[in-house]
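This report looks at contacts between chains and between domains. Keep the structure in view while reading.

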Amino acid sequence: MTVQWPLVIFTLFLCITSGILGGISIMALQNKGENVRRKAIVASAITLVAGGIASFMHLQHWERIFNGFGHITSGITQELIGVVVLAVLIIIWFIFIQSKKKIGRALPIVTLICAIGMIVVTGHSYLMEGRPGWNIGLLLFYLGNGCLWGGLAVWLLEAISEGSDFKADDVKIAFWGTLIQLICEVLYIPFLASAHIADFGYYANVYSMTTTPLHIDSLATYAVAGPGALMFWISIVATLIVLACTIAAKRKAGSNKVLLTVAIICAIVASITFRVLLYQVGFSLTVIY
Amino acid sequence: MTKKAIITDLNRCVGCLACSVACKAMNNVPIGCYWNKVVRIGPNPVPGGSGQWPDVYMYFLTMGCQHCEDPECVKVCPTEASHIAEDGTIQIDRNRCIGCQFCVMACPYGVRYLDPDERVAEKCTLCEERLVQGLLPACVAQCSGNARWVGDLDEGLDSFVGTYDPLGKQRKMVDFIEPFEESDIHHLPDAGNHPGFAYILRDHEWQGGDDQ
């Protein structure tokens, strides 16, 4: 189906927001990152708002959202609830930081759970039986993407910490987050292979006899060696570069701003290209209409 | 309970596209968009045949909203603009639609689209405004092969009626069309949505799989 760019941006920003919130929660549980919490919370608020604006851009009549919005089985309603929960958590974090209260363990744990939950809700809203390619593999990709951004958020926050003496350990979370993302991207292929598009044999569009009928024998082949291959392989290579950056940073003490910058750019590329791929393989169960 | 639906006898359909034209004319469907589309299935090889002509067959499949029993489009709609009406059909309240297009994504048959002018989701309404007046849906009324029949699934096949004969008597599907078996009744592939529309296809292999 056609790439829905506002939704690509929306889901990307949600994963970044969840990643940042998850990242500072993990750091807080390790009694680290106190001096970057304010920056992190402001960044998470900005990305959440940016994602929200992007999602509104997708609505053709956003002014009607007060006209009965809230059908609970709808993924959009569930996402809105998730966004509100994250916004509330951001405000709580901000209050704690402003009042210089001790963060403790409860808030980071709740934030971590909600950040993961937000990604699950986002991915779940795209799980549609009518689009065989949008199966559990898509949800895993979004979870992996949250891990990627969570890891990079920790790395970035450590790097910008004033007076921070960078240690190899600080990039460990980024390494594991990127590795999980890579595994999830590769895992999507067997999930695509198990997806089934209805086969009508030979058929023709009698309204446009010059249009070549579409036949999808295998969504996995379509993604890896067909029209989706460009996006798939760019995403894989970009994720591998992020992984290489984390490995290089682990081995190199001191400043690694260049590696971090390259990693973030490649993470953005990987995140966007894989989302484009999701739309490329998002065929209806019946492709003959 | 009521569950209005259309049954199409594919052995009678000649692929004249009159249903599609009538639908576009009646419902002012924009150019390039369809509520009811005719797809030519085949020519596919006859099982056990040579694989070459004349051992091939084809039929015309009329596709549109299947007015499903458990519609995915209704589940994903955040404003309940897409809803199940009292007559069991799936309708869209245009004033509630926010144009999020999740219903378009969720439909297993790709029969919904975003109206380019109104920017709301659109699809077949089963000519609900005609049904309440006791009229036939435009596609049924204009079917030149008497292939399309409208009725109530809950009342059974006896309730399905079509066009009027020259004496002004309305034709009943079970009396008019050629005999068929239960195994000749097919549905589009089911993704858990339980499509309401049915197709009758005799002596040919139903394509698309996932038959109910």
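How far apart do the C-alpha centres of domain 1 of chain A and domain 2 of chain A lie? The distance is 22 Å. The model is predicted. The domain assignment of chain A gives residues 1-125 to domain 1, and 132-148 plus 162-289 to domain 2.

**Between the domains of chain A**

Contacts link 19 residues of domain 1 of chain A to 14 residues of domain 2 of chain A. On the domain 1 side, α1 (5-29) and α4 (106-124) of chain A each supply at least two residues. The top contributor there is α1(A), with eight residues.

**Between the chains**

Chain B brings 42 residues into contact with 35 residues of chain A. On the chain B side, β2 (36-45), α2 (72-76) and α3 (102-106) each supply at least two residues. The largest share, eight residues, comes from β2(B).

The strand β2(B) also pairs with a strand of chain A. Its partner is β1 of chain A, residues 203-205. The pairing is antiparallel and runs over three bridges. Within β2(B), Val39(B) stands opposite Asn205(A).

**Residue classes on the two sides**

| Side | Nonpolar | Polar | Charged |
|---|---|---|---|
| Chain B, touching chain A | 24 residues | 10 residues | eight residues |
| Domain 1 of chain A, touching domain 2 of chain A | nine residues | 10 residues | no residues |

The chain B side thus includes eight charged residues. The domain 1 side of chain A has no charged residues where it touches domain 2 of chain A.

Conventions: Residues are numbered from 1 along each chain as its sequence is written. Chains are lettered from A and ligands numbered from 1 in the order in which they are written. This is a predicted model: local features need pLDDT of at least 70, side-chain atom pairs count only at pLDDT 80 or more; totals for chains, interfaces and linings use all residues. Two residues are in contact if their C-beta atoms, placed from the backbone, lie within 7 Å. Helices (H or I, at least four residues) and strands (E, at least two) are DSSP runs, numbered from the N terminus. Ala, Val, Leu, Ile, Met, Phe, Trp, Tyr, Cys and Pro count as nonpolar, Asp, Glu, Lys and Arg as charged, and the others, Gly among them, as polar. Two strands pair if DSSP finds at least two bridges between them. Domain bounds come from an automatic or database domain assignment.
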